Every structure is written in C-alpha cells, then in structure tokens.
Amino acid sequence: MKKRGIKNTRINTEVQRELSNIIRGGLKDPRVASWTSVVAAEVAPDLKTCKAYISVLGDEKAQSDTLDGLNSAVGYIRRELARTLNMRNTPEIRFILDQSIEYGVNMSKRIDEVTKDLKPADIDEKIEGDSDAQ
C-alpha cells in the first residue's frame, strides 16, 4: 500500500483543516494560545493514528501550556473530528510541537541584522560580482 497516495493526502488535508477549525473555534481552554496553528497532519494509512504538528507563537511557557491544553482536550477534539468528517475510523490524535515557523522567523531576523549595515548598491555589486565569477 502506498503511504503517500492521493487519498491519504486528501485525508491529511481535511484533518488538518478541521483540526484548525476545532482549535480556533471550539476550544475554551485558557491554556491554549490564541496564536495556535496546525502546520500539518499525518494520518496513518489505516486511519488509526494521527500526528498533528502545531505551531504556537509565544514563549516556551505558552507552548507547553498549549500542548497541555490540547492533550487534555483530545477527547473533545476527536469527537468533533468524528462529527465533521465522515471517516470509517476517527484517528487517535497526538499533538507534536513544530518549531519550523519560529526557526524561520529567527533566521530572518539574523539575516536582517547582518544586512542592515549594507547599502542597496553594495548588495547589487555583490550579486553582480558573484554572477561574473561564474
């Protein structure tokens, strides 16, 4: 059985979309940060398990509190997922913190710090010099 078939990709997308809607609109837990997003969802081919990768904008305490809140509400989230999606099995959800967005923001800040002293003319000369060397 193909792990990344069209059907599995479609299921992953639908689960991700519905998890986002449930977290954004249905959870009343104050521990869950308002800036929580579902980056990806990977449903196993047998539809028994799901890894939901979430991103939380905030410090480490906000991230850990959000994970605690989501893990305590996993029963409600799974029930709402079963209600909105017509699937043979409703997967058991495991929330995993995804650091990729935060990593990208930090890299962007570092690049800006390095290039803030450069003038636009310096950057153009550097680009032209690199293309001439090739």
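## Starting at arginine 31

Let's begin with one residue: arginine 31 is partly exposed, and its relative accessible area is 37%. The side chain of arginine 31 meets that of aspartate 29 in a salt bridge, with 2.9 Å from N to O. Keep in mind as you look around that this is a predicted model.

## The overall layout

Stepping back, the protein chain has 5 helices and 3 strands. Follow the sequence along and you get the pattern α-β-β-α-α-β-α-α. How much of the chain is buried? Of its 134 residues, 29% count as buried.

## The nonpolar core

In soluble globular proteins, nonpolar side chains tend to be buried together. Here, the largest nonpolar core has 24 residues. Which of them have the most contacts inside this core? They are Val15, Leu70, Ile77 and Phe95.

Several elements give two or more residues to this core: helix 1 (6–25), strand 1 (36–43), strand 2 (49–56), helix 2 (60–72), helix 3 and strand 3. Helix 1 supplies the largest share, at 5 residues.

## Salt bridges

Side chains of opposite charge can pair when their charged atoms come close. In this model the count comes to 4 salt bridges, and one of them is the pair we started with, aspartate 29 and arginine 31.

Another one links arginine 17 to glutamate 14, and the closest N and O atoms there are 2.5 Å apart. How far along helix 1 do these two sit from each other? Arginine 17 and glutamate 14 are 3 residues apart in helix 1, so about one helical turn separates them. Both count as partly exposed: arginine 17 has a relative accessible area of 41%, and glutamate 14 has one of 30%.

Helix 2 has a pair of its own. Aspartate 65 forms a salt bridge with lysine 61, with 2.9 Å between the closest N and O atoms. These two are 4 residues apart in helix 2, so they too are separated by about one helical turn. The partners in this pair fall into separate classes: aspartate 65 counts as partly exposed at 22% relative accessibility, while lysine 61 is exposed, with a relative accessible area of 55%.

## A positive patch on the surface

Now for the outside. Lys7, Arg10, Lys48 and Arg88 form a positive surface patch. Where does arginine 88 lie? Look in the loop between helix 3 (74–84) and strand 3 (92–97). Is arginine 88 buried or exposed? Its relative accessible area is 67%, over the 50% cut-off, so arginine 88 counts as exposed.

## Two buried residues in loops

Being in a loop doesn't rule out being buried, and alanine 33 shows it: this residue lies in the loop between helix 1 and strand 1, yet it counts as buried at 19% relative accessibility. That value is under the 20% cut-off, so the label holds. Along the sequence, alanine 33 and glutamine 63 are 30 residues apart, but from C-alpha to C-alpha they are 7.8 Å apart in space.

Leucine 47 is the other one to look at. You'll find leucine 47 in the loop between strand 1 and strand 2, and at 8% relative accessibility it counts as buried. Its backbone is worth a look as well. Most residues other than glycine have a negative phi. Leucine 47, however, has a positive phi, near 60°.

## Links across the strands

Finally, try tracing a couple of pairs that are separated along the chain. Alanine 40 lies in strand 1 and is partly exposed, with a relative accessible area of 25%. Its C-alpha is 9.0 Å from that of aspartate 98, and the two residues are 58 apart in sequence.

Isoleucine 96 lies in strand 3. At 23% relative accessibility, isoleucine 96 counts as partly exposed. How far from the C-alpha atom of alanine 52 is that of isoleucine 96? The separation is 6.0 Å, for two residues that are 44 residues apart along the chain.

Definitions and conventions:
Residues are numbered from 1 along each chain as its sequence is written. This is a predicted model: local features need pLDDT of at least 70, side-chain atom pairs count only at pLDDT 80 or more; totals for chains, interfaces and linings use all residues. Side-chain values use heavy atoms; hydrogens and water are left out. Patches are made of residues with over 30% relative accessible area and no salt bridge: like charges are joined within 9 Å, nonpolar side chains (Val, Leu, Ile, Met, Phe, Trp, Tyr) within 5 Å. Accessible areas come from the Shrake-Rupley method with a 1.4 Å probe; for residues, only the protein chains shown count as cover. Lys and Arg count as positive and Asp and Glu as negative; His and the chain ends are not counted. The place of a charge is taken as NZ of Lys, CZ of Arg, CG of Asp or CD of Glu. Buried means under 20% relative accessible area, exposed over 50%, partly exposed in between (1.4 Å probe, protein chains only). A nonpolar core is a set of buried Ala, Val, Leu, Ile, Met, Phe, Trp, Tyr and Cys residues joined through side-chain atoms within 4.5 Å.
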